[in-house]
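Ready for some practice with a protein model? Take a look at the sequence and the 3D view, then work through the exercises at your own pace.

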Amino acid sequence: MEVSLQRFFKVLMPGFHTKIMLPPVMDNEELLVGEEARESELISRKGRWKVIIKKSCEGRLWFTDGWGEFVRQHDLALGDFVVFKHIGALRFKVTLFDPTCCEKDFPAGDLQPQTTTDDDEEVQGQKRNDQKLNNSGVLTRKRGRPTENKISLDQSQLSVVMKSYNLRTTGSYLPLYRDFCQANGLNENKRIRVKGPSGECQVNFLRGNRCSCLCKGWDQFIVMNKLKIGDTCVVKPRNTSLGYTAIDIDIHRVT
């Protein structure tokens with residue numbers, strides 16, 4: 001049975017800065033059959049970008065040339081996720097979310113087309129909504145909600161509700177925000193001792209520009225502490241007597 005793909009999403013994992021793989025069903029897209037490379041267009045609230053789709057030697061399709069510029073212009077970071085809507089002719093409307101599942105905000109001055117005149121009514125309407133200001137001069141989101149600071153003023157701990165991507169058998173990770181990491185001395189890639197209610201293990205800390213994460217070794221912590229979707233992990237960094245940073249994690253179980 002032929003599958004017509006309209007929407008798909010990608011969670012940004014290590015290596016996303018230069019290329020990202022498309023779902024296998026896109027291999028059957030008519031415009032890509034028999035082609036080694038083809039130009040596509042990504043449409044966001046900031047404008048339009050030309051990105052090349054290339055086929056690997058294994059036959060998989062990737063966004064390649066131009067994808068790195070799209071990443072840079074949208075300040076994408078590890079743990080963000082991107083929703084693509086294929087509207088035909090290799091044109092994709094793109095919506096960007098951060099690890100808190102909130103749509104990413106951009107300054108009003110950045111919401112301008114980059115390559116062509118934007119005559120798409122839906123994109124134009126979205127831009128107009130994003131550029132509205134409330135009476136206090138605060139930039140508001142669609143539906144008039146004010147932009148909120150998602151980071152707590154208390155940087156001594158961070159609460160993260162477990163989602164499916166946090167608990168995958170392979171490729172699982174725990175996002176940690178930049179301000180929280182800086183406040184607790186987590187400024188470089190390293191192995192960290194992470195302690196939970198059922199024991200401790202060594203986990204890799206990977207530093208990103210906007211969002212860092214605990215990655216390799218996190219799957220061991222998941223199994224050891226029997227984490228489930230909806231559980232809340234309260235992350236509490238601490239400095240040990242030996243001078244290195246460790247992390248204690250309290251777990252509040254979903255009811």
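Below are five exercises, each with a worked solution.

This is a predicted model, in which local features need pLDDT of at least 70 and side-chain atom pairs count only at pLDDT 80 or more, while totals for chains, interfaces and linings use all residues. Residues are numbered from 1 along each chain as its sequence is written, and side-chain values use heavy atoms, with hydrogens and water left out.

**Exercise 1. Work out the strand order of the open sheet of seven strands, and find which strands stand at its edges.**

Step 1. Helices (H or I, at least four residues) and strands (E, at least two) are DSSP runs numbered from the N terminus. Two strands pair if DSSP finds at least two bridges between them.

Step 2. Begin with strand E1 (residues 7-11), which is joined to strand E6 (residues 81-88) by five bridges, and the two run antiparallel. One position to check is Lys 10, opposite Val 82 in E6.

Step 3. Move on to strand E7 (residues 91-97): seven bridges connect E6 with E7, again antiparallel. Val 82 has Leu 96 as its bridge partner in E7, and Phe 84 has Val 94.

Step 4. Look at the connection. E6 and E7 make a hairpin with two residues between them, and Ala 89 in the turn has a positive phi of about 55°.

Step 5. The full order reads E1-E6-E7-E3-E4-E5-E2, with mixed pairing. E1 and strand E2 (20-21) are at the edges with a single partner strand each, so one side of each has no neighbour in the sheet.

**Exercise 2. Describe the geometry of the ring pairs that Phe 8 forms with Phe 84 and with Phe 92.**

Step 1. Set the criteria: rings of Phe, Tyr and Trp (its six-membered ring) pair if their centres lie within 6.5 Å, and planes under 30 degrees apart count as stacked, over 60 as edge-to-face and the rest as tilted. A search of the whole structure gives 13 aromatic pairs.

Step 2. Phe 8 and Phe 84 are stacked, at 4.8 Å centre to centre with 15° between the planes. Because Phe 8 belongs to strand E1 and Phe 84 to strand E6, this pair ties together parts 76 residues apart in sequence.

Step 3. For Phe 8 and Phe 92, the centres are 6.2 Å apart and the planes at 80°, so this pair is edge-to-face. Phe 92 lies in strand E7, 84 residues from Phe 8 in strand E1.

Step 4. Add the burial, where buried means under 20% relative accessible area, exposed over 50%, and partly exposed in between (1.4 Å probe, protein chains only). Phe 84 counts as buried at 0% relative accessibility, and both Phe 8 and Phe 92 are buried.

Step 5. Widen the view: ring pairs link Phe 8, Trp 49, Phe 63, Trp 67, Phe 70, Phe 84 and Phe 92 into a cluster.

**Exercise 3. Find which residues of helix H4 are buried and what covers them.**

Step 1. In H4 (residues 218-225), the buried residues are Trp 218, Phe 221, Ile 222 and Asn 225. They span an arc of only 105° around the axis, so they are on the same side of H4; the arc is taken from the directions from the helix axis to the C-beta atoms.

Step 2. Contact means heavy atoms within 4.5 Å. The cover includes strand E9 (174-177), strand E10 (190-196), strand E11 (199-206), strand E12 (211-214), strand E13 (232-239) and strand E14 (245-252).

Step 3. Compare Gln 220, also a residue of helix H4: at 43% relative accessibility, Gln 220 counts as partly exposed.

Step 4. Finish at the end of the helix, where Lys 226, just after H4, takes a positive phi of about 50°.

**Exercise 4. Is Arg 48 buried or exposed, and which side chain does its own side chain contact?**

Step 1. Arg 48 sits in strand E4 (residues 47-55). With a relative accessible area of 4%, Arg 48 is buried.

Step 2. Its side chain makes a polar contact with that of Glu 41, at 3.2 Å. A polar contact is a pair of N or O atoms within 3.5 Å; within protein, one must be able to donate a hydrogen and the other to accept it, and residues adjacent in sequence count only if both atoms are side-chain atoms.

**Exercise 5. Which residues does Thr 232 contact, leaving aside its neighbours within four places in sequence?**

Step 1. Locate Thr 232 in strand E13; at 19% relative accessibility, Thr 232 counts as buried.

Step 2. The contacts of Thr 232 are Ser 159, Val 160, Val 161, Asp 250, Ile 251 and His 252.
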